[in-house]
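Please open the structure in a viewer and keep the selection tool at hand. The tour below proceeds from one site to the next, stating what to select and what is found there.

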Amino acid sequence: MGTGTSQGVPVIGCNCPVCRSADVRDKRLRASALLETEGKVLLVDAGPDFRQQLLRERVRQLDGILLTHEHKDHIAGLDDVRAFNHITGKPVDVYAEQRVLKALKREFRYVFSKTKYPGAPEMTLHVIGENRFRAADVPVTPIRLWHHRLPVLGFRIDNLAYITDVNKVEHEEFAKLKHLEALVVGTVRRGKHVSHFSLEEALAFIAKVNPRTAYLTHLSHQFETHAELQASLPAGVQVAYDGLEIKL
Ligand SMILES: [Zn+2]
Ligand SMILES: [Zn+2]
Ligand SMILES: [Zn+2]
């Protein structure tokens with residue numbers, strides 16, 4: 001749905017070659033992924049571009065939203081779940097860790113207040129942890145990740161894992177990442193970053209996990225253009241782009 005870092009690409013006011021690129025693959029909305037499995041539709045993260053992304057993909061069914069963490073580029077679009085409240089007449093199920101749900105109650109206070117403003121979004125919050133859980137009946141394995149000092153989650157569903165906003169993965173989590181067809185992993189640029197994998201770190205992580213194909217996401221304009229970056233990567237590593245569909 002989106003493959004850009006927190007500011008998106010292009011960045012407002014930036015004149016760099018990536019932000020000026022005419023290639024549609026260099027237009028990156030904030031990071032998010034839509035998963036369709038067993039007739040269910042799940043969204044991972046709902047950043048500020050949520051509305052635009054769901055309109056673009058003509059999404060009419062949403063059975064749950066999984067949140068990796070509470071940073072604004074991953075939750076800011078949640079007000080627009082109202083559209084699905086209207087379609088189904090029901091609250092939207094949101095799955096996240098306790099700390100993230102607490103942040104939602106703070107950031108979207110009007111949604112959870114006792115006296116509700118008419119027309120406010122409706123969400124049912126589900127606490128998840130490090131144990132396997134079901135989201136709309138779909139089995140999900142959470143992966144514990146470190147985003148600087150913030151513990152965040154990635155998710156494995158069947159043979160796909162979605163891991164964004166990370167710069168460290170504990171050794172024991174690799175057991176959950178065996179035999180993947182697709183690994184989606186976040187990286188913001190070449191060279192060290194305080195809270196995200198550099199490209200070098202992401203490639204080392206991919207080599208260790210050894211999926212059939214890896215897809216890079218959460219990219220910033222500090223990378224070269226999509227085409228240039230793709231040409232520099234080893235076989236089996238793809239640069240993701242907005243609208244990319246992976247069939248497994
Ligand atoms: Zn992010
Ligand atoms: Zn730029
Ligand atoms: Zn983040």
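**First stop: the zinc ion (ligand 3)**

Select the zinc ion (ligand 3), whose donors along the chain follow the spacing H-x1-H-x75-H-x17-D. Before going further, note that this is a predicted model, in which local features need pLDDT of at least 70 and side-chain atom pairs count only at pLDDT 80 or more, while totals for chains, interfaces and linings use all residues. Residues are numbered from 1 along each chain as its sequence is written, chains are lettered from A and ligands numbered from 1 in the order in which they are written, and side-chain values use heavy atoms, with hydrogens and water left out.

Now display the side chains of His69, His71, His147 and Asp165, which provide the donor atoms NE2, ND1, NE2 and OD at 2.2 to 2.3 Å from the zinc ion (ligand 3). Donors are N, O and S atoms within 2.8 Å of the metal (3.2 Å for Na, K and Ca); water is not among the atoms, so sites may look incomplete. Why is the arrangement around the zinc ion (ligand 3) irregular? The four donor atoms subtend angles of 88 to 173°, which makes it so. Four donors count as tetrahedral if all angles lie between 85 and 135 degrees; four count as square planar and six as octahedral if opposite donors are over 155 degrees apart and all others between 65 and 115; anything else is irregular.

Colour His71 and Asp165 next. His71 is partly exposed because its relative accessibility is 35%, whereas Asp165, at 1%, counts as buried. Buried means under 20% relative accessible area, exposed over 50%, and partly exposed in between (1.4 Å probe, protein chains only).

**Second stop: the zinc ion (ligand 1)**

From Asp165, move to the zinc ion (ligand 1): Asp165 bridges this ion and the zinc ion (ligand 3), and the two ions lie 3.6 Å apart. The pair His74 and Asp165 links distant parts of the chain, with His74 in helix α3 and Asp165 in the loop between β9 and β10, 91 residues apart. Helices (H or I, at least four residues) and strands (E, at least two) are DSSP runs, numbered from the N terminus.

Which residues coordinate the zinc ion (ligand 1)? They are Asp73 (OD), His74 (NE2), Asp165 (OD) and His218 (NE2), at 2.1 to 2.3 Å. The angles of 89 to 158° subtended by these four donor atoms make the arrangement irregular. Both His74 and Asp165 are buried.

**Third stop: the zinc ion (ligand 2)**

Select the zinc ion (ligand 2) together with Cys14 (SG), Cys16 (SG), Cys19 (SG) and His221 (ND1), which coordinate it at 2.1 to 2.3 Å. Here the arrangement is tetrahedral, because the angles at the four donor atoms are 103 to 115°. Ideal angles at a metal are 109.5 degrees for four tetrahedral donors. Along the chain, the donors of the zinc ion (ligand 2) follow the spacing C-x1-C-x2-C-x201-H. Cys14 counts as partly exposed at 24% relative accessibility, while Cys16 is buried at 18%.

**Fourth stop: the pockets**

Select Leu34, Leu35, Glu36, Glu245 and Ile246, which lie nearest the centre of the largest pocket among its 33 lining residues. This pocket holds about 870 Å³ of space. On a 1 Å grid over the protein atoms alone, a cavity is a set of points where a 1.4 Å probe fits but cannot get out, and a pocket is an open set with protein on both sides within 12 Å along at least five of seven lines; lining residues have an atom within 4 Å of a point. Grid points are joined across faces, edges and corners, and a volume is the space filled by probe spheres set on the points. Strand β1 gives the largest share of the lining of the largest pocket, five residues.

About 230 Å³ of space lies in the second largest pocket. Of its 13 lining residues, Arg51, Leu54, Leu55, Ala83 and Phe84 are the closest to its centre. Helix α4 supplies the largest share of this lining, five residues.

**Last stop: the cavity**

How many cavities of 30 Å³ or more does a search of the whole structure find? The search finds one, with about 50 Å³ of space. To see its lining, select residues including Val9, Val18, Asp26, Arg28 and Leu219.
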